[in-house]
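I opened this model today to look up its charged and aromatic side-chain contacts. Here are my notes, in the order I took them.

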Amino acid sequence: MADLLARMRDVAPPAEEEGAILDLNRVIEDLFRLFDKSLFQVRKITAELDLDKGIPKLSLPAGAVKQILMNLVKNAAEAMSEGGTLRVSTRDRIYKNGSQYVELQVCDNGPGLPDQILSSLFKPVASTKQDHAGLGLAIVKNLLDRLSAEVTCSSATTGTRFQMLLPRTVEKSDQP
C-alpha cells in the first residue's frame with residue numbers, strides 16, 4: 001500500500017485538469033443525482049444539500065474534487081448500513097490566517113469512527129470490509145494536499161463530519 005501511495009504522489013494531474021475550472025455546486029449536484037438510486041435509495045439514506053449559491057467558479061481540477069467527494073460519500077453510505085442522513089454543504093468566503101477558502105462539508109449521522117481509526121485517519125489501513133482496500137481516506141488526503149486544501153474530521157459515537165477548506169482561487173472573469 002505504501003508503494004501505491006508513493007506512486008500516486010508522482011502522478012501529475014491529467015492535462016485536461018491543469019488550469020481547469022470547477023463549478024463546485026454543480027459537481028456536488030451531479031454526484032448526488034448519480035448516487036440517488038445506486039447508493040442512497042438502496043441504503044435508505046436521506047441525502048441533503050445545503051449549497052451556497054454565491055460560490056464562483058474556482059480554478060481547481062474538477063476530477064480531483066469529484067474523487068474526494070465520491071470517496072467520502074461512499075464511506076459515509078457504507079457506515080450507515082441501517083440508513084441515515086448524509087448532508088453536504090458549501091460556504092463561500094471562509095477566512096483563515098489571512099487566506100480565503102471555500103468550505104465543503106460532508107456530514108453523516110452514522111455510528112461515528114472509532115478512536116483507532118481516528119488516530120491514523122488518512123493513512124492506508126487494512127480494511128475489515130470485503131472487497132475494500134482501505135485507501136479511500138489516504139487518497140482523499142493526497143488529493144487535498146495536491147490542491148493546497150485543508151481537511152479536518154470530527155466524529156463522535158453518532159456522526160462524522162469532514163470539513164475541507166478549498167483555496168478560493170477564482171477564475172478571473174468570475175471575481176466579484
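Before the first entry I fixed my terms: a residue is exposed when its relative accessible area is over 50%, buried when under 20%, and partly exposed in between. I also kept in mind that this is a predicted model.

Entry 1, a pair within one helix. I looked up Asp30 and Arg33 and found their side chains joined in a salt bridge, with 2.4 Å from N to O. Both sit in helix H2, 3 residues apart, so about one helical turn separates them. Arg33 has a relative accessible area of 56%, which means that Arg33 is exposed. Asp30 comes out at 33%, so I noted Asp30 as partly exposed.

Entry 2, from helix to loop. Which residue does Glu29 meet in a salt bridge? I found Lys53, at 3.0 Å from N to O. Glu29 belongs to helix H2 (residues 24-40), while Lys53 is in the loop between strand S1 (45-50) and helix H3 (62-79), so this contact ties together parts 24 residues apart in sequence. Lys53 is exposed at 63%, and Glu29 is partly exposed at 25%.

Entry 3, strand to strand. I then checked Arg87 and Glu48, whose side chains form a salt bridge of 3.2 Å, N to O. Arg87 lies in strand S2 (residues 84-96) and Glu48 in strand S1, so the pair links parts that are 39 residues apart in sequence. I have Arg87 down as partly exposed at 33%, and Glu48 as partly exposed at 30%. The pair belongs to a wider network of salt bridges that links Glu48, Asp50, Arg87 and Arg91.

Entry 4, the tally. How many salt bridges does the structure hold by this rule? I counted 9 salt bridges.

Entry 5, aromatic rings. My search returned 3 aromatic pairs. One of them is Phe122 with Phe162, an edge-to-face pair with 6.4 Å between centres and 65 degrees between the planes. Phe122 is in the loop between helix H4 (115-118) and helix H5 (136-146) and Phe162 is in strand S5 (residues 160-167), so the two rings tie together parts 40 residues apart in sequence. Is Phe162 buried or exposed? Its relative accessible area is 8%, so I wrote down Phe162 as buried.

Entry 6, a cluster. Last, I noted that Phe32, Phe35 and Phe40 make up one aromatic cluster.

Note on methods:
Residues numbered from 1 in each chain as written. Predicted model: local features only at pLDDT ≥ 70, side-chain atom pairs only at ≥ 80, totals over all residues. Heavy atoms only, no water. Salt bridge = Lys/Arg side-chain N within 4 Å of Asp/Glu carboxyl O. Helix = DSSP H or I, 4+ residues; strand = E, 2+ residues; numbered from the N terminus. Buried < 20%, exposed > 50% of the residue type's maximum accessible area, 1.4 Å probe, protein only. Phe/Tyr/Trp six-rings, centres within 6.5 Å; stacked < 30°, edge-to-face > 60°.
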